[in-house]
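Reader: I'd love a close look at one part of this assembly, please. Could you take chain C and walk me through how it is built and how it meets its neighbours?

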Amino acid sequence: MVAATKEIPRNKPGEIDKSIAHKISQRDELTEKTGHYWGIKEFTLKDSDPMKFERFYSRLQSACMAAREISRFVAASPGGREMGEAVWGLASAEGDSIALSEGFVSHSAAFPFAINFMVENGYEENPGFNDADVYVSDDGFTCGAPHPGDTYTYVPIVRDGEVISWACAVNHIMEVGAPQAGSWAMFAVDTFMDGFVFPPTRTGENLKQYAWWDEMWKRRTRAGVVNILDDKMRLAGCAMILKSVHDIIDEFGVEYYIQASKEVIEETRRVVKDNINNWMVPGTYEQSSFRVCLYKGMQKIWEHADKDTLIHIYMKSSIDDEGRFHFDMEGSSKWGYHAFNAFPGGYKVAVMMALAGALGYNTKFTSGGNYLMTSNLPEGCIYNPGTHIAAHSNSWAQMLMVTLQTFNTFTRAQFMRGYMEESFAVCGPWDAMQGEGILEDGTPYGYTNFELLGACAQGAYAYRDGDPAVWFVASQLCNMGNSEEFEQLLAPLFHLGRKLEPGYCGYGKYRSGMGLSTVQWINEPGQRLVASRAGGTCGIIPELSIGMMGGYPSPGATTAIAQGTNLQDLFRQGISPSTLQETIELSDKGILKTKKIKVWKSDAPETNLKQDDLWCQQAEAGGGWGDPLERDPLAVLEDANANMVNIAFVEEMHGVVLKASGEETYKIDEEATVEKRKALRAQRKSESVPVSEWYKKHREERVLKMNMLEPVVEMLRDATSFESYNNHYRTFWHLPDDFEI
Amino acid sequence: MSTVSTEGKDYILALDAGGTMTDTVLVLPDGSFKIGKSLTNRKDEQASYLESVDDAAKIIGKCSSDIHKQASVSIYAGTGMLNTLLTGTGSKPGLIVTKGFEDIATIEGGLTYLGQSQQDMLHNQLHEHTAPMIDRKNVYGVLERICGGTPYMDRHIEAGEILIPMYEPHVIEATNKLIDNGVEVIGILFINCYINPVHEQRAKEIAEKVIAERGVDLSVVTSFDTAPVMKENNRLKSLLLQCTAAEHARKSLLNVEEGARKDGYDGRLLTLLSYGGAVNISYPRLYETVISGPIGGMMGGQILSKKLNLDKVLCCDMGGTSFDVGLILNQQIPIRKDPEFAKHRLALPMVALDSVGSGAGSDVWLDKYNRLHVGPGSAGSDVGICFRYDKLTVTDVNVAMGYVDPEYFLGGKVTLDKDKAFKALEEGIAKPLGISVYEAGKGILEVVNTQMKEAASTMMVAKGYNSAEFTVLVYGGAGPVHMWGFTEGIDVADVITIPYAAAFSAFGAACAEYMHRYHKGFVASIPINETADRKAAVGKGIAECYQELEQKAREELVAEGADISGISFSYGMYARYIGQLESFDTPLEIKTSETAKDVDHLIDAFEKMYTNIYPEGARFPDGGYQISELYIKAVVPKAMPVLKKHKLAGKKPQESAYVHSRKVSHKGEFYDFKVWQMSELEAGNVVEGPSIIRDPMTTLVIPPEKSIEIDEFMVLHYR
Amino acid sequence: MEKVEKQIVEQLISGDISRDESRRLLKMDPKDPERFWTYLEVLQDRVKWKDKILLRISDHLYIVKKEKTGERLVKCECGHELGDYRVNWKTAANVRIRATQEEMSKVYFPATAVPEPKWNEIREFFCPNCFTQIGVEVVPPGYPLLFEFLPDLDRFYSEFLGRPLDDAQDDWYENQTNKKTAAWL
């Protein structure tokens, strides 16, 4: 852990040490020594009375489920209430999760980081933990939060002065009070621009927040009311868990509670270990992703940050001798003066997301599996900056790629192992718009629209196409929310479109689901309205650098902003754009007249919006699977007849020739298709060269001359500043020792 | 002709047409009741209706027309519409939607986890869309926009304001295309129309004009008329359910009514709403009766829970095709505002109810990997191989094991072929698995019982309740047969059933109030220091809205032929702290809202309700309050059956109750089960296991070590 | 424990499997332990050549034990051999580079979703014999080839499958790509 350890006064001699600090050191020691969580080799309680054990667990589980079911309705943000952007849980004194509600369960991976930090920094003595105290934090550096939007509440459950457990909750709040409005400050240069960031703080007691705490939200964020209600929502759920746990302890006793909790977690660990053995293939998996960060010209007053950066996300995964997965991130970029850094807690959350979906679903979902996910995060790298000043307001923009690489490692292994049903080109689109405004009468507000991350397209499977708007990698509860709800919250924004974008997918033998596109119309913006884009990959670069087995990687996201339009005239003619693509087409045809239309394949910065402006987004899709020339012509025909693809494009992509037959319907030209496919194959032959030739040429012309964009060179310098990647890069290109990158 | 008229009418008829049986409860003038039954005839429900009524009539030496001539009301619940929904055999719909939302039915808000266990939810590869109720090619957009309003009220665009006038040519074009595509019904859904329906109504007019010009027969349904509440995705599901299933079901209900009227009944046929209460079958939003069958049992459960003063009851209804579980809390049936049902999230107040596809008629089969499956296919009224079905069913297993007496099915009306069942079990299951027939039977019943047990405990536990506080109420034709199995190992307070378990849903239907519920979106904010004037203005608005809803209720009730002289209303609102998304159901004692002071009363009612659910720390009064929706319940009086109290007899049943004793293979071992006659047992009796209590309509199995105690209301307690 | 039948595995591979069937496989808990062997059996029947398949690493690529020599090679379904499995098979493939807007527009749609040529190039890898597309990279120029997966075959067969290979060697799990590329200079 990053923070400095302080000397903690221990109990008097003879007394049993019931401090959390002691429990943590014991857990680590025993787990390390035996390979079993807390050294649990036998399930004494589970085996002696399985019925009782299961009843015990279902009590804990239903306490968490009920906490969410009931308290989420206190929320003010759709994210918290129904879109799965929240979770309630029960953690051991050391911070390991024992039971979790539905929601973004993997955010529980941060619990131990917060507990560790508090303990290592003497919170046990000052202020000390009392039953029903309330602690809140949203900081990645101290409490392991993935980014400041994710706000955690911790309520200690104490019996006879001993902390037995923690009732925990987290949700993604609507506005974090950064210079850039919204919940991801995309242009933060250091943590002081991350927004309202605070280490674990006692904000209340006896299940009631202090008066000053509400004032903090009002004073330091643009959506005080919303954030206060979310805060109350988290607390309400924790209060319910606290009560249930005390009842459960009354019934089962403290000793049973503690021991059984450990057995629950060890049980998870064992199931996941078996899954690795039964479903995976050992070896070395190499993956990389890239994330652009275009700051040049936008950070003039922060000279040190006024440059473009290409972030390298590099993972080598393998299975170690203890049968644990090991993710070596050495070679990933160093941390930098941008919003996209992460800390080990958030990184752990990213890994747990993949674990949940691929290896952890068939067991009681607890921290147990995390003990089988080890990593190398060298200090100074983007996942372990080793300094508190690193901004991390949009760590997810690149850290989600860690989830995807991990997940793809798992499903690639399952493909090789024959469990093809599990295998798909994992991509994790997420997009959002955020900003602030001032109504005509001077009322200020801040907002985030989560709809485009609530439900996303899935990548192609090894045996079928992916579906649209079908999952949310970060949460079990995939949900876009309702337009009618967002329009109420975001007063001047109205949907002209909330649709699938035809043709917008990763291609291959099987394609991904079509990506989503929204078009929002600005009406009565009042004194001021600004919006900016927050999200994962940008259109400049596909999300992951490889498509599966010959398919293409997912296209990235794009934002288009049309300003000073003739929309009112178009409305009278029954014309309106429903997707980003339609907006561009209407503009190209001169039907949609604009003073200015800007297409951002990178993060759209804060933009002032006026009456009848349009804000349009394409929110990524998923990767393709397999050789596009092997796609079943009937599948191509089906897409064509559903107006889901561009006819000319798919002819070149799949070599399927379609003839019009009636209005908007087609049929396959069998012969022409055979010919076209032959031709395209021949073209591959004539247009390709043996890799050896390409290698020599590319080495001469690009590598040895470092003939590439400065940010790319910069990225390579970053990556090669770590020894192992330096060797990797130099030996791959056989660079002379004196060669300077 | 009226819906509910009592003078000169002595009887109440209530029927439940389940997948297998159509049960009749005939309530006599003194409140006691008789039970009749017939095999459900899906192709001609009129026939099975009349047969079932006649069967009950015979008990008091009459025939169906004698009863019908003197019936004050006939209530007919069932699962017809549900089947249509689940099997997708309804009408072919077209949809006209706000331009830009044409993919709404495909995207369905991304709700792909509905109805999944937490394990499946975690397993991302299992996220799938529910098959859409409409073909994407039959969806067309119309340019129009209406404002939904904001928490800032008059500081921004007012709710209901027209932002983009509807472009009418789009409607004409869309209607023509839909007619060309051969749709059978057209639904219209516009964003924010729940606040202002003017565009939907205008589009309906235009579409109907086009339809008339084209000379085709198509009905047009608007989302405002179907479910005028917020959240377009849920509203769409309700609209499509109304379009595809409801009108379809209405036809067969009208046919049943016609039969009853020919037979001498001069009232309207009633059916049950998904949130309780009865309406007649001309009810415009008939989709609200989608689960009228299961609802009947829940209402019966509510009556019982009041009688026995039980706070937490779990209703378990095992019929021929499904196993339904629902909760009754504090003697009320909890209502979900946007329930998840059959993997759709609807905008429809509905009792909390879940359903699994295992019933007595469910198919039992081995898949290609020799894995044992139960359902989803079902024999329905063909019972099983032992009767007239070609596949092995759960009933076959019960017959083969000896639980069910082949000579006494429907009280001996039907004789079942035990040997055939036994052979089928042997050939189809036992041999392929290389085990004995009795092991196979044991295994199958374990699978069935476990499925039901899981559904039952999830209903309690997933909601966070402690199962140990619950009384499990078991009914449905097959309930008492499996009671021992699906309650085994779950830790509950008590397990009860009733002599008329098989017809309990029909009994519940007879208990239904004649009731309508009306909701209307109503947006009003009351900031913390709101002036008295503004409060008064809000109050006035509320009063007007209630009057409007009352008016609508009176009109609809009269149109349905109800006698509204004794009509009574109760009121409620959905309210929240300003900023909150969810509005909370707040029942109001009175519809006070004329003055500012009255509005304060409403706020007090909200605070009271809120602090019942949440800790002090979750209150947020300084945020101010917002009302988002108002509703009323209109009730017209109607006769009810009564549960009689009986004098307690001794523990030992009278001689006449004992029938004979029979060999039964229970859990793979043979026992001599004593067989008792339900009708001869008295309050106070105790029946020790191994025993079977038989009744023309069901069989109650009491394994060794277990017993049944009968209390003063003739409720059977399983211990 | 349950065994998934051959024809179901065939359907998975051919893509003919029904949604219900694949859903059932996804819900199987525990998964059928025999699957890997059924998979190999089915795959071996599908290819025209005799060499024993040790692992399927991609739609068309297999690691096989060459009958005559005993080498462990990467072999394309079409029969073409791409060399020792410890060497990144991409070095034995043909590559087509898409480096311009126009070239990239052939594989990304719509225009607003086409990657920026300055920032990356699209590398399409083909089997030099059948010219099936066996891999795609979209990476910045100057970026090394990604070695998607180097299996630890002997550990896999002995520890994970419990059926050790008879020709186990210490250096079977050792990346040899750079040895090959060195020879090119």
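Author: Happy to! Please keep in mind that this is a predicted model, and that everything below is computed from it.

Let's begin with chain C on its own. Chain C holds six helices and eight strands. Reading from the N terminus, the order of its elements is α-α-α-β-β-β-β-β-α-β-β-β-α-α. Its C-alpha trace extends about 55 × 45 × 30 Å along the principal axes.

Now to the boundary with chain A. Here 102 residues of chain A touch 86 residues of chain C. The size of an interface is often given as the accessible area lost when the parts come together. For chain A and chain C that area is about 8,000 Å², with 60% of it coming from carbon and sulfur atoms. There is plenty of polar detail to look at as well: 46 residue pairs are in polar contact between chain A and chain C, counting pairs with both residues at pLDDT 80 or more. On the chain A side of this boundary, the residues that touch chain C comprise 53 nonpolar, 28 polar and 21 charged ones. Seven salt bridges link chain A and chain C. One of them joins the side chains of D467(A) and R19(C), with an N to O distance of 2.5 Å.

The backbone takes part too. Strands of a sheet pair through backbone hydrogen bonds, either parallel or antiparallel. One pairing across the boundary brings together strand β24 of chain A (residues 689-690) and strand β5 of chain C (residues 94-98), which run antiparallel over two bridges. If you want a spot to zoom in on, V689(A) has V95(C) as its bridge partner in β5(C).

A second pairing carries a strand of chain C into a sheet with strands of chain A. This open sheet has five strands, ordered β11(A)-β10(A)-β9(A)-β8(A)-β8(C), and its pairing is mixed. Its edges are β11 of chain A (373-376) and β8 of chain C (149-151), each of which pairs on one side only. On average, neighbouring strands in this sheet are turned by 20 degrees against each other, ignoring direction. The step between the chains is made by strand β8 of chain A (residues 283-294), which pairs with β8(C) in the antiparallel sense over three bridges. Within that stretch, T284(A) lies opposite L150(C) of β8(C). A helix of chain A, α20 (residues 710-720), packs on the sheet and touches β8 and β9 (308-319) of chain A; the direction of α20 makes about 40 degrees with that of β9(A).

Finally, chain C also meets chain B. In this interface, ten residues of chain B contact 14 residues of chain C. The two chains bury about 1,100 Å² between them, and carbon and sulfur atoms account for 50% of that area. Chain B and chain C share three salt bridges. Among the residues involved are R23(C) and E128(B), whose side chains form a salt bridge at 2.6 Å, N to O. Four residue pairs are in polar contact between these chains, both members being at pLDDT 80 or more. On the chain B side, the residues that touch chain C divide into two nonpolar, three polar and five charged.

For the wider setting of these charged pairs, the structure as a whole holds 112 salt bridges over all chains. I hope that gives you a good route through this part of the model!

Note on methods. Residues numbered from 1 in each chain as written. Chains lettered and ligands numbered in written order. Predicted model: local features only at pLDDT ≥ 70, side-chain atom pairs only at ≥ 80, totals over all residues. Heavy atoms only, no water. Contact = heavy atoms within 4.5 Å. Buried area = accessible area lost by both parts, 1.4 Å probe. Salt bridge = Lys/Arg side-chain N within 4 Å of Asp/Glu carboxyl O. Polar contact = N/O pair within 3.5 Å; in protein donor to acceptor, adjacent residues only side chain to side chain. Nonpolar A, V, L, I, M, F, W, Y, C, P; charged D, E, K, R; others polar. Pairing = 2+ DSSP bridges. Helix = DSSP H or I, 4+ residues; strand = E, 2+ residues; numbered from the N terminus. Axes fitted to C-alpha atoms, helices over the stretch in contact; angles between N-to-C directions.
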